[in-house]
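User: I am in my first year and would like a close look at a single part of this structure, explained in connected prose. Please begin with one residue and then work outwards until I can place it in the whole.

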Amino acid sequence: MAEVIGGVATSHVPAVGVAIDKGRTEEPYWAPYFAKLEPLRKWVAELKPDVCVLIYNDHANAFSLALIPTFAIGLAESFRPADEGFGRRPVPDVQGHPELAWHLGETLILDEFDMTLVNEMEVDHGLTVPLSVMFGQPEQWPCPVVPILVNVVQYPPPTGNRCYRLGQALRRAIESYPGKERVLVVGTGGMSHQLQAERAGLVNPEFDRNFIDLLVDDPEAAAQISHTEYLREAGSEGIELVMWLIMRGALQRDVTEVYRATHLPTSNTHNGLLVLTDCGAQRNPAV
Amino acid sequence: MTDDQTDPHTSPGYDDIPGTYVFDAKQSRKGYRLNMFCMSLNDPANRDAFRADESGYLKHHNLSPEQADAVLNRQWLRLLELGGNVYYTFKLAACDGMSFQQLGAKQTGVSEADYVAMMVGGGRPIDGNRSRSEPNWTGPNNTRGAKREIEHG
């Protein structure tokens, strides 16, 4: 039986990818942020997950307004980084895990979460930046990835509660897989940021701190935050935080907070990092 | 916490949030062709074709005259008003070589240096920016209406 060995949440800011790809991580603007990644990277390196289930939203690259799946899962053998309008990121193709992905897709649908099944797609910064955040710049990514995509661009996105329950179903699906894979669940996006219109540049570190506190200790309450509250308090792109709830739902009710960091600014975003394990799971002494 | 997301057909308070377009059904229907034009710029050959003949390229995408004008004149707020979504309009900005921070500066009518300085200084604060009813909501520089008039003019 496969098992969930931990959960990571991270923002997926495109400019972080650019900073890595162009070798700017030591520059004064970026160095303090990348220093905060070190405990996360060390933890993941020692954990050595066999596969990551990575939850992100497509930003008009794999999908467009022509087709808008609320939840989708990537089944392919590999996924090429997308040209998002300014060239492809110079990062390795992402290897999929078709057998696990098909199992998760089938199991989730029968568990009444109607996933859209995706055999061919390219992946954008929403997926590749979190891989860079966790793994740096390897020649090949160290493990295969099962992408789960959530619509947060077209309103209404799924509710936080729906996402939390999808995470719970995801855990059941992982645990019913006959392999022995040790699975790291990664929720991405957020934290507070707004890219559009006159309020562009809005961030709300207090909302974000409270969100992490709730996510860790009272996820049912975090799951009740409404779309309007995200829009108002966390900026129009802060709605991406619903994807952290999928990761949280894949862990047990009681968790151990292994690591937390935030950083302001990364481009337009209050950046958040969070590492959780099931309560009682072996805690990495290095962190 | 609010319970205002229960009925998607009534306005769940979106209109009260200042300086923000919520990409709902109304905006999405209005902006479909505009956004799909922006989407086409993911293809480098299309970016070259657009740069070579912007007006000619737009003719293939059936934008409204207002949308086409806003594209050609790079009226970034007007594009949102006409149904553009920022992830799509950013593709037009990226085609011009702009970053998201440069687009943020353009949308809010400040220099890139001032915008970056605002972010380094802690970003745009939430206080005063939660609700259009807040007495000190005046927009980044001026009122939303005044800015629109300038852009439309």
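Analyst: The model shown here is a predicted one, and a good place to begin is E206(A), which has 12 C-beta neighbours inside 10 Å and therefore counts as exposed, since a residue is put in that class when 12 or fewer other C-beta atoms lie within this distance of its own. E206(A) belongs to helix α6 of chain A, which covers residues 205-217. In the sequence E206(A) and S192(A) are separated by 14 residues, while in space their C-alpha atoms lie 9.6 Å apart.

From this residue we can step back to the chain that holds it. Chain A contains nine helices and 10 strands. Its radius of gyration is 17 Å, close to the 19 Å that the globule rule gives for 287 residues, so chain A is as compact as a globular protein of that length. Along the principal axes, its C-alpha atoms fill a box of roughly 45 × 45 × 40 Å. Although E206(A) itself is exposed, buried residues make up 58% of the 287 residues in chain A. If we consider the contacts in chain A between residues at least 6 apart in sequence, 83% of them join residues that are at least 24 apart.

The strands of chain A deserve a slower reading. Strands of a sheet pair through backbone hydrogen bonds, and they may do so in a parallel or an antiparallel way. In chain A, eight strands form an open sheet with mixed pairing, and their order across the sheet is β6-β3-β7-β2-β8-β1-β10-β9. The edges are taken by β6 (116-118) and β9 of chain A, each of which pairs on one side only. Ignoring direction, neighbouring strands of this sheet are turned against each other by 20° on average.

One end of this sheet can be followed residue by residue. Strand β9 of chain A, residues 255-266, pairs with strand β10 of chain A, residues 269-278, in the antiparallel sense and over nine bridges. Within this pairing, T262(A) stands opposite G272(A) of β10(A). The two strands β9(A) and β10(A) form a hairpin with two residues between them, and in the turn S267(A) has a positive phi of about 55°. Strand β10(A) is also joined to strand β1 of chain A, residues 3-10, by four bridges, and these two strands run antiparallel. Here T10(A) has L273(A) in β10(A) as its bridge partner.

Chain A is also in contact with a second chain, and that side of the picture is built from other elements. Chain B has nine helices and zero strands, so that, read along the sequence, its pattern is α-α-α-α-α-α-α-α-α. Of the 153 residues in chain B, 39% are buried, and among its contacts between residues at least 6 apart in sequence, 57% join residues at least 24 apart.

The contact of the two chains takes 52 residues from chain B and 42 residues from chain A. On the side of chain B that touches chain A, the elements giving two or more residues are α1 (25-40), α5 (76-81), α6 (86-95), α7 (100-108), α8 (112-120) and α9 (144-152) of chain B. With six residues, α6(B) gives the most to this side. By class, the residues of this side of chain B divide into 28 nonpolar, 17 polar and seven charged.

Helix α7(B) shows how such an element is placed. It is mostly covered, with eight of its nine residues buried, and F100(B), L103(B) and K106(B) are among these buried residues. The buried residues of α7(B) pack against α1 (14-21) of chain A, together with α5, α6 and α8 of chain B. Just after the helix α7(B), G109(B) takes a positive phi of about 70°.

Finally, α7(B) and α8(B) pack at an angle of about 105°, with their axes 8 Å apart. That angle makes α7(B) roughly perpendicular to α8(B). The contact uses Q101(B), Q102(B), G104(B), A105(B) and T108(B) of α7(B), together with E112(B), Y115(B) and V116(B) of α8(B). Sorted by class, the residues in this contact of α7(B) with α8(B) are three nonpolar, four polar and one charged.

Note on methods: Residues numbered from 1 in each chain as written. Chains lettered and ligands numbered in written order. Predicted model: local features only at pLDDT ≥ 70, side-chain atom pairs only at ≥ 80, totals over all residues. Contact = placed C-beta atoms within 7 Å. Nonpolar A, V, L, I, M, F, W, Y, C, P; charged D, E, K, R; others polar. Pairing = 2+ DSSP bridges. Rg over C-alpha atoms; globule rule 2.2 N^0.38 Å. Buried ≥ 20, exposed ≤ 12 C-beta atoms within 10 Å, placed from the backbone. Axes fitted to C-alpha atoms, helices over the stretch in contact; angles between N-to-C directions. Parallel < 35°, antiparallel > 145°, perpendicular 65-115°, else oblique.
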